[in-house]
Amino acid sequence: MTNYVYIATSLDGFIATRDGSIDWLYEITNPSHSDYGYAEFMSGIDAIVMGRNTFEKVLSFGEWVYDKPVFILSNSLTELPQDIADKATIVRVEINKLIEQLNFQGYKNIYIDGGQTIQSFLKEDLIDEMIITVVPIILGDGFPLFGKLDKKLDFKHEKTEIYHQNLVKSHYLRDRYKQQSQS
C-alpha cells in the first residue's frame with residue numbers, strides 16, 4: 001500500500017491562507033490549460049483520505065469532484081449531504097487502523113489530502129510519496145503544509161518538473177532504508 005500526498009504550496013510553505021482560502025491557486029497563469037499531471041496522478045489512486053476542513057472546502061466547489069471513494073476523518077461531522085452519501089464515508093478511527101482497514105478492503109494507492117491530515121500521517125510515518133508543487137507566491141501566513149514532528153523523516157528526490165517557467169513540481173519518495181541504516 002502506498003500513501004501519497006499531492007499538493008500545492010506557496011514559497012513560504014502554506015497550503016491555504018489564514019481564512020482557509022485557496023483562491024491564490026486560481027491566479028496561476030496557465031496558458032496551455034494544463035492540469036499539471038493531476039489526472040494522471042488520480043488515475044492511479046484507489047481512494048482518498050481527507051480531513052473535515054478539506055471536505056468542507058471541496059463541498060464549496062459546488063459539485064463533487066471525485067470519482068473515487070473518499071474517507072473523511074472527523075470527530076465532529078455526523079452526516080453527509082444526500083447527493084454524496086454514496087461517494088464518501090465519515091471515519092472515526094486512528095489513522096493506523098484506517099490504513100489497515102483500507103488495505104484489507106483492497107485499496108492500495110491512497111491520496112492523503114488536507115494540511116492537518118497530512119501532518120497526522122507524517123507524525124505516524126504513513127506517507128510514502130509526496131508530490132509538491134511550489135507556487136511562486138509568498139502568502140506570509142496561513143495553514144502550513146508541515147508541522148512539528150517527533151523525529152526526522154528522510155525522503156529522496158525522484159524528479160522535478162517545471163511548468164511555464166513558473167511552477168516547480170517535485171516528487172519525493174520516503175527513504176525508510178536510510179532511516180533504518182542510521183539506527
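How much space lies in the largest pocket? The answer is about 1700 Å³. This is a predicted model, and that pocket is a good place to enter it.

The lining of the largest pocket takes in 49 residues. Closest to the centre are Ile 7, Ile 22, Thr 54, Tyr 111 and Asp 113. Several elements each give two or more residues to this lining. The strands are strand 1 (2-10), strand 2 (14-16), strand 6, strand 7 (129-135) and strand 8 (143-144). The helices are helix 2 (52-59) and helix 4 (115-123). By class, 24 lining residues are nonpolar, 15 are polar and 10 are charged.

Now turn to the second largest pocket. About 280 Å³ of space lies there. Its lining counts 16 residues, and those nearest the centre are Glu 40, Phe 41, Ile 131, Lys 159 and His 171. Strand 1, helix 1 (38-43), strand 7, strand 9 (155-163) and strand 10 each supply two or more residues to the lining of this second largest pocket. Which element gives the most to that lining? Strand 9 does, with 4 residues. The class split is 6 nonpolar, 5 polar and 5 charged residues.

Strand 10 deserves a closer look. It spans residues 167-174 and holds Val 168. Is Val 168 buried, partly exposed or exposed? Val 168 has a relative accessible area of 31%, so it counts as partly exposed; the partly exposed class lies between the 20% and 50% limits.

Which residues does Val 168 touch, beyond its neighbours within four places in sequence? One set of contacts is Ile 132, Thr 133 and Val 134. The other is Thr 160, Glu 161 and Ile 162. Val 134 lies 34 residues away from Val 168 along the chain, yet their C-alpha atoms are separated by 5.2 Å.

Step back to the whole chain. The UniProt record, an unreviewed entry, places the feature "domain: Bacterial bifunctional deaminase-reductase C-terminal" at residues 7-165. Over that range the chain is 21% helix and 27% strand. The end C-alpha atoms of the range are 19 Å apart.

How far does the predictor trust the model? The chain averages a pLDDT of 93, and 97% of the residues score at least 70. Confidence is highest in strand 6 (residues 109-113), at a mean of 98. Strand 6 is also among the elements that give two or more residues to the lining of the largest pocket. Confidence is lowest in helix 5 (residues 176-182), where the mean is 67.

Technical notes. Residues are numbered from 1 along each chain as its sequence is written. This is a predicted model: local features need pLDDT of at least 70, side-chain atom pairs count only at pLDDT 80 or more; totals for chains, interfaces and linings use all residues. Side-chain values use heavy atoms; hydrogens and water are left out. UniProt positions are given in the numbering used here, feature names are shortened, and annotations may be inferred rather than shown by experiment. pLDDT is the predictor's confidence in each residue, from 0 to 100. Buried means under 20% relative accessible area, exposed over 50%, partly exposed in between (1.4 Å probe, protein chains only). Contact means heavy atoms within 4.5 Å. On a 1 Å grid over the protein atoms alone, a cavity is a set of points where a 1.4 Å probe fits but cannot get out, and a pocket is an open set with protein on both sides within 12 Å along at least five of seven lines; lining residues have an atom within 4 Å of a point. Grid points are joined across faces, edges and corners, and a volume is the space filled by probe spheres set on the points. Ala, Val, Leu, Ile, Met, Phe, Trp, Tyr, Cys and Pro count as nonpolar, Asp, Glu, Lys and Arg as charged, and the others, Gly among them, as polar.
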